[in-house]
Amino acid sequence: MKRYVVTGGAGFIGSCLVRELLALPGGNQVAVVDNLLTGHRKNLDEVKDRVTFHEVDICDLAGVRKALQGADTVFHLAAIPSVPRSINDPVPSHEVNINGTFNVLSAAKENNVRRVVYAASSSAYGDTLVLPKVEDMQPKPKSPYAAQKLMGEYYCSVFTSCFGLETVALRFFNVYGPRQDPNSPYSGVLSLFMKHLIARTQPTIHGDGEQTRDFTYVEDVAGLLIKASEAQGAAIGNTYNAGNGNRYSLNMVWDTLQKIEGVSITPNYGDSRAGDVRDSQASTEAAVRDLGHAPRFTLEEGLRRTLAWYKSDLQA
Ligand code: UD1
């Protein structure tokens, strides 16, 4: 029997992970630490009787310490995400993404937690001359968010080397899927595309729409998080890409969605966003080799599943 803690467990990625952890054999315990800033209790509705919920901000060290008591594995997903949010309002994202991460690692060390798996970000790479992006490339963060997430990786590695706390960092590549919240000015682009597609309204595309992303379906990321919690050897203290290994332009994705839905809606093209990375594509080689990464969802399959979920959620 294991005791898992998921920080950010009420978010769309965290809640998917929680459901997958509960489905593992062994009668494991799952606790969530979330301050409900960007997460929602309703994301955990189906499983709420099986999860211990700590409404705690990761900036509250005492609260985090308490929530991590007896934990075996901590998945640290709590963050203030979004590149533009970190530019418009850098102080809170600095406090949560750097100081909050330090608190989680400190509390994990004090509580003799076996392992912390950390949600890092592909944004750490910035613009690279070469694609796909490989973990040993020199990071070139272009935004406060990217720098903050990179600092978290460094802290993970140092907690392993200096304090013996096992850590694995996964650089998420534009994760999408059911429950991603489309109702914030900082929502991920695919959740916004879903909302506009269903409402038959025009999405806004920043720039020419030819920027590319390695959109990765949430269940593939949750599966990799669990693998990273068990991996041995080289994985410990290391950072891996958590991507699908492909890249698609925003124009291509919007075209695919229109075809799936059988509609024709021309997007509005607006200004490019500050801090935006042009192209993003993961090399999955190291994650496949060391963690057993095996993404299952093509973009089209992931988009179909995500769209079906948004439609059913609207009717609920
Ligand atoms: C970045 C990271 C990602 C991380 C996320 C956290 C990169 C390559 N990716 O995502 O790993 O998880 O931050 O928030 O750095 N866009 C539009 N219209 C919109 C909204 C966005 O055109 O209405 C564009 C953006 O300008 C960008 C792309 O869509 O080019 C993706 O934006 P978004 O979904 O916000 O994610 P990233 O900033 O790429």
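How do the residues of the shell around the ligand divide into nonpolar, polar and charged? The legends below start from that question and then move on to the aromatic rings. Please keep in mind that this is a predicted model.

**Figure 1. The shell around the ligand, residue by residue.** The shell divides into 9 nonpolar, 10 polar and 3 charged residues. There are 22 residues around the ligand, and those that come nearest are V189, T204, H206, R213 and D276.

**Figure 2. Polar contacts of the ligand, and its cover.** Let us look at the oxygen atoms of the ligand. A backbone N or O atom of V189 lies 2.7 Å from one such oxygen atom. Side chains take part too: an N or O atom of R273 is 3.0 Å from an oxygen atom of the ligand, and for the side chain of D276 the distance is 2.6 Å. On its own the ligand has 740 Å² of accessible area, and the protein covers 90% of it. Two elements, α6 (189–199) and β8 (204–206), give two or more residues each to the shell. Strand β8 provides the largest share, with 3 residues.

**Figure 3. An aromatic pair within helix α5.** The whole structure holds 11 aromatic pairs. One of them joins Y155 and F159 in an edge-to-face arrangement, 6.3 Å centre to centre with 65 degrees between the planes. The two residues are separated by about one helical turn, because they are 4 residues apart in helix α5 (residues 144–163). Y155 is partly exposed, at a relative accessible area of 29%, whereas F159 is buried, at 3%.

**Figure 4. An aromatic pair between Y217 and F297.** This pair is tilted, with 4.6 Å centre to centre and 55 degrees between the planes. Y217 belongs to strand β10 (residues 216–217) and F297 to the loop between α9 (285–291) and α10 (299–315), so the pair ties together parts that are 80 residues apart in sequence. Both Y217 and F297 are buried.

**Figure 5. A ring cluster with a charge over one of its members.** F102, Y155, F159 and F163 are linked into a cluster by ring pairs. Here you meet Y155 and F159 again, the edge-to-face pair of helix α5. The ring of F163 also has the charged end of K109 sitting over it, 4.9 Å from the ring centre.

**Figure 6. A charge over the ring of F53.** In this last view, the charged end belongs to R41. It sits over the ring of F53, at 4.3 Å from the ring centre.

Conventions:
Residues numbered from 1 in each chain as written. Predicted model: local features only at pLDDT ≥ 70, side-chain atom pairs only at ≥ 80, totals over all residues. Heavy atoms only, no water. Near = heavy atom within 4 Å. Polar contact = N/O pair within 3.5 Å; in protein donor to acceptor, adjacent residues only side chain to side chain. Areas by Shrake-Rupley, 256 points an atom, 1.4 Å probe, with all protein chains shown as cover. Nonpolar A, V, L, I, M, F, W, Y, C, P; charged D, E, K, R; others polar. Phe/Tyr/Trp six-rings, centres within 6.5 Å; stacked < 30°, edge-to-face > 60°. Buried < 20%, exposed > 50% of the residue type's maximum accessible area, 1.4 Å probe, protein only. Lys NZ or Arg CZ within 6 Å of the ring centre and 35° of its normal.
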